[in-house]
Amino acid sequence: MSEENSHGNSVVVTHQFNDPDRFAQAIKPLNIKEGNQLSPGGFLGTINFTEFGDLKFTHVYQNQVAKATGMKSTDDISFVLAFHPKLIQVSSHGCAVGKYDIFGFDSTREVDVVVSKDVHLIMASVNGLAFRTLCEQMGYEMGQKVFQHNALSLHPSSLRPLKAYYQEITHILSTQPSLLMQSQMQSIIREDFLPLLINTFGRNAQKKQRILRPFRRYSLVRKAEEISRSYKDKPLTLQKLCEELETSSSALSCGFQEVFGISPMAYIKIQRLNGVRRALMSDHPNTITVMNVAQEWGFWNASHFAKDYKDMFGELPSKTLRGNLQ
C-alpha cells in the first residue's frame with residue numbers, strides 16, 4: 001500500500017511494505033544501502049513521512065528484527081527516538097540505545113542500526129544550516145564535537161515534552177496526514193517543535209554525558225561480517241571463520257549474541273537468504289531462476305534451501321520470483 005501527496009515544497013508519504021530491502025530503501029531522509037530481516041516470519045513494515053521546508057519527520061515500524069546500513073544525508077541533522085510497548089531493543093554502531101536516549105545526529109557517520117521486533121523509530125531531520133542558525137539565535141553553541149557521540153542521554157523529565165511531541169506528530173501522520181499539508185499546521189509545528197528540540201538537546205548537551213560504549217566484541221563481529229561476504233558462494237564453517245579472525249568460537253558466538261541475538265552461522269545463513277531474496281526481487285526477473293540465484297549465495301541443496309527460505313520469509317522462493325514477474 002502506498003500513498004503520496006505533495007503541495008508546493010511539502011510532501012506527505014505513507015507506505016506499507018512486505019519486503020525489508022524495499023522498506024529500507026524507501027526511508028526518505030536516509031540513503032539506505034541495505035536492509036536485512038534477521039528474524040523468521042512474514043515481514044510487514046510501515047513508513048510515514050512528511051517534509052515541509054527545512055523540517056522532515058519519518059516514522060518507521062517493522063514487525064521483525066532488522067538491520068539497516070547506508071549513508072546519512074550530508075545536508076540534514078537527524079534526531080531519532082525509539083518507542084516500544086515493553087522493552088526497547090535498538091543498537092546503533094554496536095551501542096545499545098536506552099529508552100531515554102536520542103541518537104543518530106552525527107551526520108558524518110554511516111547508518112548502522114539493529115532494531116528488534118515491533119519498535120517504532122521516529123526521526124526528526126532538520127536542515128543543518130537552519131538548525132545551527134536557530135541554535136545561535138537561542139544562545140546555544142553547537143560545535144561539531146557535540147554531535148560526534150551520535151547519542152545523548154536525557155533525563156526522563158527533560159525528555160517527556162519532546163517525546164510527547166514526537167508521538168503527536170506520529171499520530172497525525174498515521175491518522176490525519178492531510179493536516180500536515182496545511183501551511184498553518186506546518187507553521188505551528190516549525191515554531192513549536194524546533195525551539196523545543198534545540199532547548200532539550202542544547203541543555204542536555206552542556207552537561208557531562210554518559211558516552212555510549214560499543215558492545216565488547218562489536219569490532220570482532222564487524223570483521224566476521226566482512227569475511228563472510230567474501231565467502232558469498234562458498235562454504236564457510238565456524239572453525240574456518242574463527243581461524244581467519246584468530247579468535248575462539250566462544251568469543252565469536254558471544255559477540256553475535258550481544259549484537260544480533262543469534263549465532264554466527266545463523267546470522268551468515270540469514271544474510272545469504274536476504275541476498276537471494278533481493279536478487280529474486282531484482283529488476284530483471286525474467287533472466288534468473290531460483291536455483292541459479294540460490295547457488296550464487298552458497299545454497300546447493302534445493303529442498304533444504306526452499307525450507308530455510310520459507311521459514312525465514314513466510315513464502316517459497318518461487319512465489320517471491322513470480323510476485324516480481326507480475
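A residue counts as buried when its relative accessible area is under 20%. Glutamate 315 has a relative accessibility of 18%, so this residue is buried. The model examined here is predicted.

The largest pocket holds about 320 Å³ of space. Its lining comprises 18 residues, and those closest to the centre are Lys33, Lys67, Thr69, Arg222 and Arg229. Five elements are named here because each gives two or more residues to this lining: strands S3 (30-37), S6 (66-72) and S11 (111-115), and helices H6 (218-230) and H9 (264-280). Strand S6 supplies the largest share, with five residues. By residue class, the lining of the largest pocket holds nine charged, five polar and four nonpolar residues.

Strand S6 itself is mostly covered. Six of its seven residues are buried. S6 runs antiparallel to S11, and five bridges join the two strands. Within this pairing, alanine 68 has valine 113 of S11 as its bridge partner. Both strands also give residues to the lining of the largest pocket.

The second largest pocket encloses about 280 Å³. Here 15 residues form the lining, and Asn18, Asp19, Arg277, Met281 and Glu315 are the closest to the centre. Strand S2 (10-17) and helix H12 (317-325) are the elements that give two or more residues to this lining. H12 gives the most, with four residues. The lining of the second largest pocket divides into six polar, five charged and four nonpolar residues.

Seven salt bridges were counted in the model. Three of them are described here.

One salt bridge joins the side chains of lysine 56 and aspartate 76, at 2.6 Å from N to O. Lysine 56 belongs to strand S5 (residues 55-62) and aspartate 76 to strand S7 (residues 76-83), so the contact ties together parts that lie 20 residues apart in sequence. Both partners fall below the 20% limit for burial. Lysine 56 has a relative accessible area of 12% and is therefore buried. Aspartate 76, at 10%, also counts as buried.

A second salt bridge pairs arginine 222 with aspartate 112, at 3.2 Å from N to O. Arginine 222 sits in helix H6 and aspartate 112 in strand S11, so this pair ties together parts 110 residues apart in sequence. The two ends have unlike burial classes. Aspartate 112 is buried, with a relative accessible area of 6%. Arginine 222 has a relative accessibility of 30% and counts as partly exposed. Arginine 222 is also among the residues closest to the centre of the largest pocket.

A third salt bridge links glutamate 315 and arginine 277, at 3.3 Å from N to O. Glutamate 315 lies in the loop between helix H11 (302-313) and H12, whereas arginine 277 lies in helix H9; the pair connects distant parts of the chain, 38 residues apart. Arginine 277 is buried, at 5% relative accessible area. Glutamate 315 is buried as well, at 18%. Both residues are among those closest to the centre of the second largest pocket. Helix H9, which carries arginine 277, also gives two or more residues to the lining of the largest pocket.

Conventions. Residues numbered from 1 in each chain as written. Predicted model: local features only at pLDDT ≥ 70, side-chain atom pairs only at ≥ 80, totals over all residues. Heavy atoms only, no water. 1 Å grid on protein atoms, 1.4 Å probe; cavity = no way out; pocket = protein on both sides within 12 Å on 5 of 7 lines; lining within 4 Å. Points joined across faces, edges and corners; volume = space filled by probe spheres on them. Nonpolar A, V, L, I, M, F, W, Y, C, P; charged D, E, K, R; others polar. Buried < 20%, exposed > 50% of the residue type's maximum accessible area, 1.4 Å probe, protein only. Pairing = 2+ DSSP bridges. Salt bridge = Lys/Arg side-chain N within 4 Å of Asp/Glu carboxyl O.
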